[in-house]
Amino acid sequence: MTFRPANFDPSIDPTADQVRALRDAGPDGPVVMLNLLKFREQANYPAGSPHAPCSGAEAYRRYQTAFVESVGDVSRAEVVWEGKIDRPFIGDASQDWDKCLLVRYPSRQHFLAMMANAAYREALVHRYAGLERTILLQMQG
């Protein structure tokens, strides 16, 4: 990715190797991305940002709205399920998460086209502002 907002956070972005692996060796057919999301208490917008201060969860909602409205035709993504995470049941309790989001794409090419879309890249400022950390798991869909 060549576009990086001032609040870019490489820890919540795919590496070039991960993008290449999805492009070159991902599954054929639909893919579902399982997102585990941990929000910042307060959004981390760059200094001088025109965006009103808000919680990390609200900043992520701004990203999700832009994602659906600005690149829905490109990605053809469908939010299959989303919900608040109450608490870890099995596993490392220190790895708490706030939200789970399942998003289905018709193909990995649709997902990659979304990532390359200029409107999507502009919306990333909200994603970076809102997320403390994330895990994105790719599944056949």
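Here's a quick look at how the sheet and helices fit together in this predicted model.

## The sheet

Let's start with the strands. Four of them form an open sheet in the order 2-3-1-4, and the pairing is antiparallel. On the edges sit strand 2 (78-84) and strand 4 (131-140), each with a partner on one side only. Ignoring direction, neighbouring strands of this sheet are turned by 15° against each other on average.

Zooming in on one pair, strand 2 lines up with strand 3 (residues 99-105) in the antiparallel sense, over 6 bridges. In that pairing, E82 stands opposite L101 of strand 3.

## Helices against the sheet

Helix 2 (residues 56-75) packs on the sheet and touches strand 1 (31-39), strand 2, strand 3 and strand 4. Its direction makes about 5° with that of strand 3.

Helix 4 (residues 118-130) also meets strands, lying across strand 1 and strand 4. Here the angle to strand 4 is about 115°.

## Where helix 3 meets helix 4

How do the axes of helix 3 (residues 108-116) and helix 4 cross? They come within 5 Å of each other, at a crossing angle of roughly 70°. Angles of 65 to 115 degrees count as roughly perpendicular, so helix 3 and helix 4 get that label.

Helix 3 brings M114, M115 and A116 to the contact, while helix 4 supplies A118, Y120 and R121. Sorted by type, the contact residues come out as 5 nonpolar, no polar and 1 charged.

Notes:
Residues numbered from 1 in each chain as written. Predicted model: local features only at pLDDT ≥ 70, side-chain atom pairs only at ≥ 80, totals over all residues. Heavy atoms only, no water. Pairing = 2+ DSSP bridges. Helix = DSSP H or I, 4+ residues; strand = E, 2+ residues; numbered from the N terminus. Axes fitted to C-alpha atoms, helices over the stretch in contact; angles between N-to-C directions. Contact = heavy atoms within 4.5 Å. Parallel < 35°, antiparallel > 145°, perpendicular 65-115°, else oblique. Nonpolar A, V, L, I, M, F, W, Y, C, P; charged D, E, K, R; others polar.
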